Amino acid sequence: MSAGVVAAGVTMSVVGALRTGISWDEPFHVMRLRNLFEHGWFSVDWSTDAGGSIAGDNNTLVYGPVMMLLLHGLCVLVGVEDWNAVATSPTAYDVRHLGVVIIGLVGTAAASGITRILLRSWSWAAVTAGVLFALPMWTGHVMFNIKDVPVASGYTLMTLALLAMVTPTQARRSWRVTGLVLGAVLMVGTRPAMWSALVLGVAIVGCGWMVIRRSRAAEGEVRPAWGEALTGLAAAWAILAVIYPNVFAHPSMLLRSASQSASFRENDAWGYLYIPFHLAAQFPLLLQGLAAIGLWVAIRAALRRQDRDPVLSTQLTLVLAQVLALPLLAFAKNSDLYNGLRQLLFASPAWAVLVTLGMAHLLGWAVHRTRLVGGIAALSLVLPVADQATLFPYQYTYFNPALDATGAHVDSDYWRTSVPELLPAIPTDGQVICGPTRSTQIGQSPADDEEATIAGRYSSDSSVDCRVDPLGPLSSPWTALGLPLGDTLPRDEFYVVIDRDHALPSNCTQLASVTRHRHWRQVSMTYLARCRLAPSPIGDGVAFVRPEGENMAPVLWAYAPEGWVMRETASAIDAAGPSASLTFRAPEACRRRACALELRGEAGPDLGVALNDVPVPVDVKADEVTVPLPAGVTDAWVTFTSTTGAPLGLRVHTIRVIPTGVG
């Protein structure tokens, strides 16, 4: 049964890797890798001042380049990239997805190897692989997740190597050390803050080694463990320092990486019930029960066998550390987790080992009820796979029947990888906003009343058309298919792609949807809507500012509907491409006399301006741009373009309308 589950899981992972779209983080990691090649920092564009910024809000120290370098090497090997160029074609993303599948299979094999050591059985090792692929969260993320899958696989490979080190007859010494080095480089090289897990694992081996020495075990067999662990630790650090010296050659940077990872988004935590809730809701129910039994068995054996079998006690402690240590720390610190438990995905392989221990213990206890218990164990594998088939390829949106029975709303496609399935339904005649920010009023966010929400004409920190936004899920397939970039909609109308099964905003009409069935519910992954948003009165003027570490308020984005980003500064918006637009409702006085739009900011000399699609003259000074508004203008749509086709280079701090004529 486990072999069949593994076959189904691998098949779904490979096929799903080629069907899923571009997730939120992938374009950002492409950007980071390009910057690594350019100036040595694995960072986003807006944190590259003076060669690189390690400010907390840029998350430069949260991520490392190892996984992206591996995927880049795979792309070069199959001929979809050159070594010094990082491609954004759909084919390149597909190859990266397949690379993630390969890394996921390495993690699955490592988890099976752990079970092989603990239970001395290849059959039970196969069960562990089946359990892991029966977990929808694992199979779903293995298709594309470039940040969490390598950490999980690296951590599991590291745990396997450490287990082998305290089992002297297990593999050759060179294999044990190599496994530790490869696991550590993959894990820490993708998420530098995971050095804490590496240090913890080596410390457990050191403590176990001392206990084993004091026991009646043969010292000659256990003596190398501590030295092997330290050798692997030093080798991993040396390799990482060569790959990414800006961080790993400086121990203080590693300390800051842990602090930066723990304080992401200002540590705006969801509460202490976040982890328990998602543990209860995101894991299949029967597997939860088996995991609880396995956890009890492992803890009891680790405590009771410290003297009689310190080797087994140390091995179980290593597995328990992977499952419990960092999740318990995150719980105690009330850390800011989001998107379910995907940031704790690294615990999943060790969790599968515990489930296997639970199965083995239950079957051993139920000697005379083997068929009944075996049937339950088989159902625990088969039922989640059936659920995965109905959700394919969006298994990471899985919640178990207990949650669905409550009717509670939970996020569905938070990675928005279902956008390619929606692509054929997206019109080509107007701006598309992917993941628009929704608020109860245009001046309030976030939304508490789902039915009263209004879709804004921007997404988080950008109003760039998703069809051309390199950080969005549409630009790569849109370009590859040669789809037109029409702009014939009325100026106050636009399209939105809304994910996570959020309620339809009150200013929108739904046009199409990607849905799946989860148990007895139909769940929307993403849907397309056409929205309308009238221009806002400009009043006494608008200052484009935001609190440090937060996004600009919706009321301000209403004036910057197309082509703007707010990333490099907290006091201005920047035109991201060769064109950008501002819109507003002019003051009553401008309907009787001429006025002018005055921008405070910086602009290049090749600036062209159109007012409601009619070219108008523009006065560009050192820190000011003035655009005339003829008498009678009510709703103004002001479009700025580069006369040379180059990026505008336009930065706007404030706008206001001033009278210039006699009324």
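This report describes a helix pair, one buried proline and a four-stranded sheet in a predicted model.

The model is predicted, and local features need pLDDT of at least 70, side-chain atom pairs count only at pLDDT 80 or more, and totals for chains, interfaces and linings use all residues. Residues are numbered from 1 along each chain as its sequence is written, and side-chain values use heavy atoms, with hydrogens and water left out.

**Helices H4 and H5**

Helices (H or I, at least four residues) and strands (E, at least two) are DSSP runs, numbered from the N terminus. Helix H4 covers residues 90-119 and helix H5 residues 122-134; their axes come within 8 Å and cross at roughly 140 degrees. Axes are lines fitted to C-alpha atoms, for helices over the stretch in contact, and angles run from 0 to 180 degrees between N-to-C directions. H4 and H5 are therefore oblique to each other; angles under 35 degrees count as roughly parallel, over 145 as roughly antiparallel, 65 to 115 as roughly perpendicular and the rest as oblique.

Contact means heavy atoms within 4.5 Å. On the H4 side, the residues that meet H5 include Leu105, Thr108, Arg116 and Leu119; on the H5 side, Trp122, Trp124, Leu132 and Phe133 are among them. By class, this contact has nine nonpolar, four polar and one charged residues. Here Ala, Val, Leu, Ile, Met, Phe, Trp, Tyr, Cys and Pro count as nonpolar, Asp, Glu, Lys and Arg as charged, and the others, Gly among them, as polar.

**Pro477**

Pro477 lies in helix H21, residues 475-481. Pro477 counts as buried, at 16% relative accessibility (buried means under 20% relative accessible area, exposed over 50%, partly exposed in between, with a 1.4 Å probe and protein chains only). Leaving aside residues up to four places away in sequence, Pro477 touches Ile22, Pro90 and Leu423. Leu423 is 54 residues from Pro477 along the chain, and their C-alpha atoms are separated by 8.7 Å.

**The sheet**

Four strands form an open sheet in the order S10-S16-S12-S13, with antiparallel pairing. S10 and S13 (614-616) stand at the edges, each with a single partner strand, so one side of each is left without a neighbour in the sheet. The twist averages 30 degrees from one strand to the next. Two strands pair if DSSP finds at least two bridges between them.

| Strand pair | Bridges |
|---|---|
| S10 (residues 579-585) and S16 (residues 635-642) | seven bridges |
| S12 (residues 607-611) and S13 | three bridges |

Ser581 has Thr639 in S16 as its bridge partner, and Val609 has Val616 in S13. S10 is mostly covered, with five of its seven residues buried.
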